[in-house]
Amino acid sequence: MSNKMRSVAALALTLAMLLTMMPAAMADSAVYVLHLKPAPTATPAPEATEAPAEETPVVTGAPAETVTAVTTWQKDENGNLVLDENGNPVATVPAGQEIPVAYAKDENGNLILDEDGNPIVTETVPEGSDKISTLEDELDPNRTIDIYVSWNGQEAAFGNTATLSAVLNGYGNAQCTIQWQTSKDDASWQNVAGGTGARLNVVVTEENHMDYWRVVVTVADPE
């Protein structure tokens, strides 16, 4: 069984809050530079004087029900799903929950719905994620890979964590492996230890803020 390896995306973390396109290391790789500023030093607030605690009333009776917010799907007046420009359903996602970004589809690219007529989510990304690249797989034009970055509610600054997410679209049952890599010069690449999942958490430091990061997806041909 032979393997075909494609470098599908690369991005670099550097200093000063500016997103700039850089020359690609490979013909099918997009390289981005994200500049970060160190977080400012916080000025300590003056100590507050505590007010005397008020007596809390005791409430008796049955406890209130806990309501769990769920993702809902926008539908038109006929009950059909509302789709965006990419043919994906428009979701209303409660705060604090992950964002759906990929859905089960048939061989013709049509959404597969559950028994309630709702789409079946196959991939999500952290809340607040930004899509920074969509790349086509040159082996199959119907396959794409979306790259997202999230700061997990933090500032883009030293000491904080960036989560890089790779979302594979159109790969179906294809056997794929993922390996995140890093480089100091965008030429010589090293595998990230343990970086074999769809997400990679990178704590930005003074030592790595100029490094490049990319994900390599290997698709195995059937025998």
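**Exercise 1.** In this predicted model, find the partner with which Glu98 forms a salt bridge, and place both residues in the chain.

*Solution.*
- Step 1: Look for the closest N and O atoms. Glu98 pairs with Arg199, and these atoms are 2.6 Å apart.
- Step 2: Check the cut-off. A salt bridge needs the nitrogen within 4 Å of the carboxyl oxygen, so the pair qualifies.
- Step 3: Place the residues. Glu98 sits in the loop between strand E5 (91-92) and E6, while Arg199 belongs to strand E13. They are 101 residues apart, so the bridge links distant parts of the chain.
- Step 4: Classify the exposure. Glu98 has 34% relative accessibility and counts as partly exposed. Arg199, at 34%, also counts as partly exposed.

**Exercise 2.** The structure holds 4 salt bridges. Take the one between Lys131 and Asp146 and decide whether each residue is buried, partly exposed or exposed.

*Solution.*
- Step 1: Read the distance. The two side chains meet at 3.9 Å, N to O.
- Step 2: Find the elements. Lys131 lies in strand E8 and Asp146 in strand E9, so the bridge ties together parts 15 residues apart in sequence.
- Step 3: Apply the limits. Buried means under 20% and exposed over 50%.
- Step 4: Lys131 is at 41%, so it counts as partly exposed. Asp146 is at 6%, so it counts as buried.

**Exercise 3.** Do the same for Lys184 and Asp211.

*Solution.*
- Step 1: Their side chains form a salt bridge at 2.9 Å, N to O.
- Step 2: Lys184 lies in the loop between E11 and strand E12 (189-191), and Asp211 in the loop between E13 and E14. The pair therefore ties together parts 27 residues apart.
- Step 3: Lys184 is exposed, with a relative accessible area of 59%. Asp211 counts as buried at 7%.

**Exercise 4.** Search the whole structure for aromatic pairs and describe the geometry.

*Solution.*
- Step 1: The search finds 1 pair.
- Step 2: The rings belong to Trp73 and Tyr103, with centres 5.8 Å apart and planes at 75°.
- Step 3: Planes over 60 degrees apart count as edge-to-face, so this pair is edge-to-face.
- Step 4: Trp73 is in strand E4 (residues 72-73) and Tyr103 in strand E6 (residues 99-103), so parts 30 residues apart are tied together. Both residues are buried.

**Exercise 5.** Which residues of the largest nonpolar core touch the most other members, and which element gives the most residues?

*Solution.*
- Step 1: The core has 21 residues; Ile147, Leu164, Trp180 and Leu200 touch the most other members.
- Step 2: Strands giving two or more residues include E8 (130-137), E9 (140-150) and E10 (161-169).
- Step 3: E14 gives the most, with 4 residues.
- Step 4: A second, separate core has 5 residues, among them Val101, Val125, Tyr148 and Val167.

Methods:
Residues numbered from 1 in each chain as written. Predicted model: local features only at pLDDT ≥ 70, side-chain atom pairs only at ≥ 80, totals over all residues. Heavy atoms only, no water. Core = buried A, V, L, I, M, F, W, Y, C linked by side-chain atoms within 4.5 Å. Buried < 20%, exposed > 50% of the residue type's maximum accessible area, 1.4 Å probe, protein only. Phe/Tyr/Trp six-rings, centres within 6.5 Å; stacked < 30°, edge-to-face > 60°.
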